[in-house]
Amino acid sequence: MQGTVDGFSYGLVTPLVAYLMACLGGALGLRCTTRSMLVSRSWRPGWLALGSAAIGSGIWTMHFVAMMGFKVEQAPIHYDRAITFASLAVAIVMVGVGVFIVGYRGATGTPLMTGGAVTGLGIASMHYLGMAGMRLNGQLEYNTVTVAISVAIAVVAATAALWAAGQVRGFLWSVGASLVMGLAVTGMHYTGMAALSVHVHRTSAPLGGDSPASLLAPMMIGPLAFLLLAGVVVMFDPLMVMGKPVWSPAENKPGVPARELVHTASRRPSLRPRRTLTHSDSRTPQNR
């Protein structure tokens, strides 16, 4: 029997909150990625790791907030806790690989394409692994073409977001990129959900796993607490809140380690007059 699927059982509440979560994680993660390109090599891994965890946590939280509004009328839904949290690990690790590629190789050419593809596949893997953690009295079936479209949306969105992070053009630039990334990631989620159909079994069998409500508390407390902490770090870093970077790297190329940080505002023209070289000064010490 074909099940009746409803992805908006709470109306627009869950899509809007999910979008905000995706934007929050994207804003923090992309800003940390931009920040990593303005520091020396020793500090770079820390900023990239923080950005990877922020993006991964944001898209994971977005997914399960959106799933709170997903219902199948003929079958209650439960979730396998281990697979659910494994999807969080997959998101952070795969997004981290893509972010580190761009952070060290630059946001252009082959590194950008590779990093965007890995990050996008990480987003898609998180989504479908999280769906695999659903437990209900039925079988999930997917439309292959629609699934391929959802994966393509994730890859394109991730590539565009990483490119924007590599431009090092200030805070507002990253905010705009995060809004686009949040829209694309949320769109990827609902595109993937549109590919889903549920064939409900006529026999009722006991199901294992936790209900969506029982997963809400750890989902909100864990990743959101981390996002809050990352947000505090970003807010108290002066390079994050300025419209343009105050410090400029010695080599103004995305992904190139900054060997020396130069404060551009501290450079002032010298007030000492230049000395005019006379004929007598041009003589060598031996001729004097």
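A crossing of two helices is called right-handed if the near helix is turned clockwise from the far one by less than a right angle, and left-handed if anticlockwise. I put this at the head of the page for the entry on helix 2 and helix 4, where helix 2 passes helix 4 in a right-handed crossing.

**Entry 1, the model as a whole.** I am working from a predicted model, and I looked up the overall figures before any detail. The protein chain holds eight helices and eight strands, and 44% of its 288 residues count as buried. I also looked up how far apart in sequence the contacting residues lie: of the contacts between residues at least 6 apart in sequence, 85% join residues at least 24 apart.

**Entry 2, confidence.** For the protein chain I noted a mean pLDDT of 78, with 74% of the residues at 70 or more. Which element has the highest confidence, and which the lowest? Helix 4 has the highest, at 93, while strand 8 (residues 261–263) has the lowest, at a mean of 43. I then marked two stretches to handle with caution. Over residues 242–253 the pLDDT stays under 50, and the model gives this stretch 29 contacts beyond four places in sequence. Residues 256–271 are also below 50, with 23 contacts in the model beyond near neighbours in sequence. Where pLDDT is low, the predicted coordinates should not be read in detail.

**Entry 3, helix 2 against helix 4.** Two packed helices are described by the angle between their axes and the distance between the axes. For helix 2 (residues 44–67) and helix 4, I found an angle of about 35 degrees and axes 10 Å apart. On the helix 2 side I listed Ile59, Trp60, His63, Phe64 and Met67, which meet Ile123, Met126, His127, Gly130 and Met131 of helix 4. Sorted by class, this contact has seven nonpolar and three polar residues, and no charged ones.

**Entry 4, helix 3 against helix 4.** I next looked up helix 3 (residues 81–105), which packs with helix 4 at an angle of about 175 degrees, the axes being 8 Å apart. Helix 3 is therefore roughly antiparallel to helix 4, because the angle is over 145 degrees. The residues of this contact divide into 17 nonpolar, eight polar and one charged.

**Entry 5, helix 4 against helix 5.** The axes of helix 4 (residues 109–132) and helix 5 (residues 144–165) come within 7 Å and cross at roughly 135 degrees, which means that helix 4 is oblique to helix 5. Helix 4 passes helix 5 in a right-handed crossing. From helix 4 the contact takes in, among others, Gly115, Gly116, Gly120 and Ala124, and from helix 5 it includes Ser150, Ala154, Ala158 and Trp163. I counted no charged residues here, against 14 nonpolar and six polar.

**Entry 6, Pro111.** I stayed in helix 4 for Pro111, which has its place there. Which residues does Pro111 contact, leaving aside neighbours within four places in sequence? I found Ile101, Val102, Arg105 and Gly106. I also looked up Gly98, which is 13 residues from Pro111 in sequence and, C-alpha to C-alpha, 8.8 Å away in space.

**Entry 7, Val72.** Val72 lies in strand 2 (residues 71–72), and I asked whether Val72 is buried or exposed. Val72 counts as buried because its relative accessibility is 6%, where the cut-off for buried is under 20%. Not counting residues up to four places away in sequence, Val72 touches Gly3, Thr4, Val5, Ile77, Leu136, Val198 and Val200. Of these I looked up Val200 further: 128 residues separate Val72 and Val200 in sequence, and their C-alpha atoms are 9.1 Å apart.

**Entry 8, Val232.** My last look-up was Val232, placed in helix 7 (residues 212–235). With a relative accessible area of 37%, Val232 is partly exposed. Leu28 is 204 residues from Val232 along the chain, and the C-alpha atoms of the two are separated by 10.0 Å.

Notes
Residues are numbered from 1 along each chain as its sequence is written. This is a predicted model: local features need pLDDT of at least 70, side-chain atom pairs count only at pLDDT 80 or more; totals for chains, interfaces and linings use all residues. Side-chain values use heavy atoms; hydrogens and water are left out. Axes are lines fitted to C-alpha atoms, for helices over the stretch in contact, and angles run from 0 to 180 degrees between N-to-C directions. Helices (H or I, at least four residues) and strands (E, at least two) are DSSP runs, numbered from the N terminus. Angles under 35 degrees count as roughly parallel, over 145 as roughly antiparallel, 65 to 115 as roughly perpendicular and the rest as oblique. Contact means heavy atoms within 4.5 Å. Ala, Val, Leu, Ile, Met, Phe, Trp, Tyr, Cys and Pro count as nonpolar, Asp, Glu, Lys and Arg as charged, and the others, Gly among them, as polar. pLDDT is the predictor's confidence in each residue, from 0 to 100. Buried means under 20% relative accessible area, exposed over 50%, partly exposed in between (1.4 Å probe, protein chains only).
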